[in-house]
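User: Please take a close look at one position in this model and then place it in its wider surroundings. A connected account with explicit cut-offs would be preferred.

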Amino acid sequence: MTLTQSTNNASSSLSTISQQISVVSQNIARVNNSDATRKVANLVSGPSGGVSISGISRTANKLLLDTYLDANASSQSQTAINSALNQLQNTVGDTDSNTSPAALISQLNTALQNYSSTPQNSAVGATVVTAAQELADSLNSATQAVTDVRNQADSDIATSVANINDLLSQFQTLNQQVVQGTGSGADITDVLDARDAVLKQLSTEVGIQTVSRSNGDMAIYTDSGVTLFDKTPRKVTFQQSANLAANAVGSPVYADGVPIAGTQHSMSVSSGKLAGLVEVRDSIAPTYQSQLDETARGLISAFAETNSSTTPATTAAGLFTDGGSSSVPTTLTRGLAGLIKVNPSVDPTQGGNAELVRDGGIAGPGYTYNTGGGASYTDRIQQLITNLGKSQTFDPSAQIQQTGSVTDYAKSSVSWLEALRQSSSNEAESRQTTADRAAQTLSQDTGVNLDEEMTNLLSLERTYQASSRLISTVDDMLTSLLQAAGS
Amino acid sequence: MISSSFISSSSLTDETLRSIANLQKQLVDSQKEIATGRYADVGVTLGATTGVSVSMRQDMDQIQAIQTSNNIVLNRLTASQSSLDTLSKSASDFLSSLISAQTASTSQDTLIQASKAGMQTLQDQLNSSLDGQYLFAGTNSDVQPMDDFFGTPPSQGATDLRNAFKAKFGIYPDDPAVANISPDDMTSFLDNEFANVFSDSNWTSDWTHASTKPVSNRISRSAVINTSVTATNGTFRDLTEAYAMISGLGFANLNSGTQQAIISKARDLTANVTGSLTQVQSGLGVTQQRISDSNDQIDSQVNFLTKSIDNLEQIDPAAVTTQLSQISTALQAAYQLTSQLNNLSILNYLGN
């Protein structure tokens, strides 16, 4: 009786060990998968001393996972903002390269000063026009860059929304398997891992919160509380814009019919790539655009010409025009920086006369300042230099100084951008570190350690040997007994 | 099976990977900083202060441009001064001829030659130009300020003078009958009709094409000053008047009393002119001085701005070099660690 029992125990041990080795092999296979958790076979001892596997459990840690989801979402939003700011920074360049509108205004000033010392030389006058041309071009291309950044953000939002919908439908499948598996008692550890992996990917796109229920079911809400998944996925919708011109507004993102991003709403998400992209598209890029527009307006206004022979005196756009129009805008005009150009009547390459910079009359014959026709008349040039340094009023919505010269204004715009870039870059770095740390902690706590698995394997091997030896020993004993009885 | 100090294998390698990536980024930045001597990303390092740097560069561009234009203006002023020197010398020579003519030690031909030479020198010098700009033409710098008094056809001024002479005496100055003009008549002519030919309005309309408006230039960030003398200046008129008395009124044929009346007038005028020419020259000299002072100031400002920009943007080479060697040491350690970790597996010790 006892020998038979021993054989039974040993054989139950052998079958348990082979199951345990199978778990160890699963763990080893996933040693480099950061989404996989460590699996443990739960052993129970039977009433007569035998062992069996009651189930497989995994070393999940909900708290650490939630921390990671938060940290990842918040890092992703800042990364999106930071990369957009780096793109915008190309419009400014390094301080020692003359590529920013601020530096080019200063170049124009230099050209005017040179012209004032040799006003009789129309070739020097042409350099003023060239400097003005470069300045207008830089404002045009900066506007293009801002538009590109906004369009890119808009298309990234569309991609992000598509990802969210895709991930939610994957989540539905996995969640059903978890609920069914929990009910039937099947091994669902791999499905749970896969479901957590989907959550991690989802947190990259949008900040989320999860709620677990007793049957293994899980519901997902945005960080602002809008339902993304509860039994079934909710539809996240977004209408991508064809082209976001300077004055165009991008469409909002809806989840379950509630606006979650892209419009003023109390349910707006605050983290995840989506939140960062919307911030870029609707706040940062348009503000920078306003600054460029106001710089352009300041230039048109500083170079405007006055016809004092009429009553009241009329003012018309001079060296710089709003896309060829003679009017001088007095308020923030969205997209002006994209339209500003040098008046063709002063551009020698377009059949114009560069000497009009010195004489005035770019806007028309009535606007001539040098009525005597002197070749060394410098009053108008001096006036233009003074105008560049003269205080003007700018729109407060552009978030930088409201009064100051156009030269100062362009400089402040550089300051604004770089200050934002500095804080955003620091913030992105610190959030990235937090997210890395959270990922690290999660992985340390729930991941697989190869050494440990190998050690387990060794001890399992020994146990297997011992159990086998037991069986053969009992067999030997029974053989001896049978032989003794038979002889 | 779960020990308290558990660590997963992937987190062990991930950590090293992340630190290597981070170190490599720092290495690239440090290398760039050492090569350029400036921060790798000036904008991110300075943040809102970037505007200060931009603004200082704007200031520097502006004052350097002013300095360049000041040098051009200085060239023009030096050329003007040298013309005025020549003028002044020929006026003094003329004055000595007049003085000796009063004591009759000089022949009238010599005096006439001296006046003609003086007039020509005056015209030549007032017509001098630099880089396509007539120095004494004021803002009208593309037009030669003086026409030739002796030219054919005669200048408008010379014609006016002949007509005034004809109106007064009924004959042209080249008529030998001028010998009959009495000294009193001549004095009256000089005081009235002749003076009228050289009135301010006639001078600017008939004698010179120069503008009364001198050329002005910005010599510092705030100061715009006049930087030329124009031919419309009364000094040049007076000198022309004195030369014209001898060379435009048929001096050779006049009787000696009338000649003396003219010589006396011409002497007084010329004596005044030599004094006021000095004033004109010293006026230009003051302007020259202001411009060189402004240039000196600009030099020190540029110096200051360059230093300030460097203070903002430049790295401390010693610090960055130290940092660079620290980073490379850390990087080597990280590589070493990676290879050590790779060897440090239980698999290497499970003998089979």
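Analyst:
**The loop position and its surroundings**

A:Gly324 lies in the loop of chain A that runs between β12 (320-322) and α7 (336-339); helices (H or I, at least four residues) and strands (E, at least two) are DSSP runs, numbered from the N terminus. The model is a predicted one, in which local features need pLDDT of at least 70, side-chain atom pairs count only at pLDDT 80 or more, and totals for chains, interfaces and linings use all residues, while side-chain values use heavy atoms, without hydrogens and water. Residues are numbered from 1 along each chain as its sequence is written, and chains are lettered from A and ligands numbered from 1 in the order in which they are written.

With a relative accessibility of 46%, A:Gly324 is classed as partly exposed (buried is under 20% relative accessible area, exposed over 50%, partly exposed in between, with a 1.4 Å probe and protein chains only). Its C-alpha atom is 6.5 Å from that of A:Asn343, although the two residues are 19 apart along the chain.

Elsewhere in chain A, strands β4 (residues 218-222) and β5 (residues 227-230) pair in the antiparallel sense over 2 bridges (pairing requires at least two DSSP bridges). A:Tyr221 has A:Thr227 of β5(A) as its bridge partner. The two strands form a hairpin with 4 residues between them, and A:Gly225 in that turn has a positive phi of about 100°. Strand β5(A) is also joined by 2 bridges to β6 (residues 232-233) of chain A, again running antiparallel. Here A:Phe229 is placed opposite A:Pro233 in β6(A). This second hairpin has 1 residue between its strands, with A:Lys231 in the turn at a positive phi of about 70°.

Chain A also holds an open sheet of 3 strands in the order β7-β8-β9, paired antiparallel. Its edge strands are β7 (236-238) and β9 (258-261) of chain A; each has a single partner strand, so one side of each has no neighbour in the sheet. From one strand to the next, the twist averages 35°. Strand β8 (residues 253-255) of chain A is connected to β9(A) by 3 antiparallel bridges, and A:Tyr254 stands opposite A:Pro259 in β9(A). Helix α4 (residues 122-184) of chain A lies across β7 and β8 of chain A, at about 160° to β7(A); axes are lines fitted to C-alpha atoms, for helices over the stretch in contact, and angles run from 0 to 180 degrees between N-to-C directions.

A link between the chains is found at B:Ser10, which belongs to helix α1 (residues 9-36) of chain B. B:Ser10 counts as buried, since its relative accessibility is 7%. Leaving aside residues up to four places away in sequence, B:Ser10 touches A:Val31, A:Ser443 and A:Val448 (contact means heavy atoms within 4.5 Å).

Chain B as a whole contains 10 helices and 4 strands. Read from the N terminus, its elements follow the order α-α-α-α-β-β-α-α-α-β-β-α-α-α. The radius of gyration of chain B is 40 Å, well over the 20 Å that the globule rule gives for 352 residues, so the chain is more spread out than a compact globule (taken over C-alpha atoms; the rule is 2.2 Å times the number of residues to the power 0.38). Along the principal axes, the C-alpha atoms of chain B fill a box of roughly 145 × 35 × 30 Å. Of the 352 residues in chain B, 48% are buried. Among its contacts between residues at least 6 apart in sequence, 74% join residues at least 24 apart.

Over all chains, the whole structure has 15 aromatic pairs (Phe, Tyr and six-membered Trp rings with centres within 6.5 Å; planes under 30 degrees apart are stacked, over 60 edge-to-face, the rest tilted). The rings of B:Phe165 and B:Phe169 form a tilted pair, because their centres are 4.8 Å apart and their planes stand at 55°. These residues are 4 apart in helix α5 (residues 156-169) of chain B, and therefore about one helical turn separates them. Both B:Phe165 and B:Phe169 are buried. The rings of B:Phe198 and B:Trp207, by contrast, are stacked, because their centres are 4.6 Å apart and their planes at 20°. B:Phe198 is buried at 2% relative accessibility, and B:Trp207 is buried with a relative accessible area of 5%. These four residues belong to one aromatic cluster, which also includes B:Phe149, B:Phe150, B:Phe189, B:Phe194 and B:Trp203.
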